Amino acid sequence: MGGAVTKSETEQKEWVPETKLEAKIIEAVRRRASRGTTTKSFNSIVLKFPKIDDGLRNCKAIFQEFDEDSNGSIDHTELKNCFRKLEISFDEEEINDLFEACDINEDMGITFTEFIVLLCLVYLLKDDSSTLQKKWRLGMPKLEPTFETLVDTFVFLDENKDGYVSREEMVRAIDESGERSSGRIAMKRFEEMDWDKNGMVNFKEFLFAFTQWVGIDENEEDDDNN
């Protein structure tokens, strides 16, 4: 999921985005990072887990609305209908890139967890769209602040503001919590995020891990569909 490496040093790597979408996400993260972060510690993030969980579950109504055949996933046509109705102005290539990036199972369908990640990516990429914000505020009042919390958390973890979270940055963030086992916790959390094991975590990887941390998983999705 991450970019390619051009240098050997962990903290000094120059990461080259693998796709146009990843490049846009990195640019958006860096732009957002220039405004700073309100997050003060990893412990403060953990304390927000219940509220974040509640906010993310508000995506369920949107997901069910656009899962037109009620098969538990949103296909490419349904996603285009979703974007059109939510007045999200992405072109065909951008929609295809988002679909491919978030369809982790490669089963040509976006599950609920994948849909959460996709919407948060849209929020990040279109955070200056007044039309989109107005639409979301009207239908999902808890959605926008929840996504902003996720973006703010990533910006906090991304200490050097390069658009990625390194293992060292994760360790430092959790070490500051003062937990006796903070090093082990940091490594576990990082491994949960670093799906491709390249030593760096991009925003998409972070989002998929975060949905699991707050308690949203595929088993729950399956239960909802039975």
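Colleague: Which classes of residue make up the lining of the largest cavity, and how many are there of each?

Modeller: There are three nonpolar and four charged residues, with no polar ones. As for the classes, Ala, Val, Leu, Ile, Met, Phe, Trp, Tyr, Cys and Pro are nonpolar, Asp, Glu, Lys and Arg are charged, and the others, Gly among them, are polar. Before we go on: this is a predicted model, where local features need pLDDT of at least 70 and side-chain atom pairs count only at pLDDT 80 or more, while totals for chains, interfaces and linings use all residues. Residues are numbered from 1 along each chain as its sequence is written, and side-chain values use heavy atoms, leaving out hydrogens and water.

Colleague: What makes a space a cavity, and what makes it a pocket?

Modeller: Both are found on a 1 Å grid over the protein atoms alone. In a cavity, a 1.4 Å probe fits at the points but cannot get out; a pocket is an open set with protein on both sides within 12 Å along at least five of seven lines. A lining residue has an atom within 4 Å of a point. Grid points are joined across faces, edges and corners, and the volume is the space filled by probe spheres set on the points.

Colleague: How many cavities of 30 Å³ or more come out of that?

Modeller: One. The largest cavity has a volume of about 40 Å³, and its lining is K20, L21, K24, F90, E94, D97 and L125. Helix 1 and helix 6 each give two or more residues to that lining, with helix 1 giving the most, three. Helices here are DSSP runs of H or I, at least four residues long (strands are E, at least two), numbered from the N terminus.

Colleague: And which residues lie nearest the centre of the largest pocket?

Modeller: Those are T19, D97, E100, A101 and K204, out of 21 lining residues. Helix 1 (20-33), helix 6 and helix 12 (203-213) each supply two or more of the lining, and helix 6 has the largest share, six residues. The volume of this pocket is about 500 Å³. By class, its lining has nine nonpolar, three polar and nine charged residues.

Colleague: Back to E94: why is it called buried?

Modeller: Buried means under 20% relative accessible area, exposed means over 50%, and partly exposed is in between (1.4 Å probe, protein chains only). E94 has 18%, so it counts as buried. E94 sits in helix 6 (residues 92-102).

Colleague: What does E94 touch, leaving out residues up to four places away in sequence?

Modeller: K24 and S89, where contact means heavy atoms within 4.5 Å. The side chains of E94 and K24 also share a polar contact of 3.0 Å. That fits the rule: N or O atoms within 3.5 Å, one able to donate a hydrogen and the other to accept it within protein, with sequence neighbours counted only if both atoms are side-chain atoms.

Colleague: Why does C59 form no disulfide?

Modeller: A disulfide needs two cysteine sulfur atoms within 2.5 Å. The closest cysteine sulfur to that of C59 is in C120, 8.7 Å away, so that is too far for a bond. For C102 the closest is again in C120, at 10.0 Å, also too far. The structure holds zero disulfides. C59 is buried, at 0% relative accessibility, and C102 is buried at 0% too.
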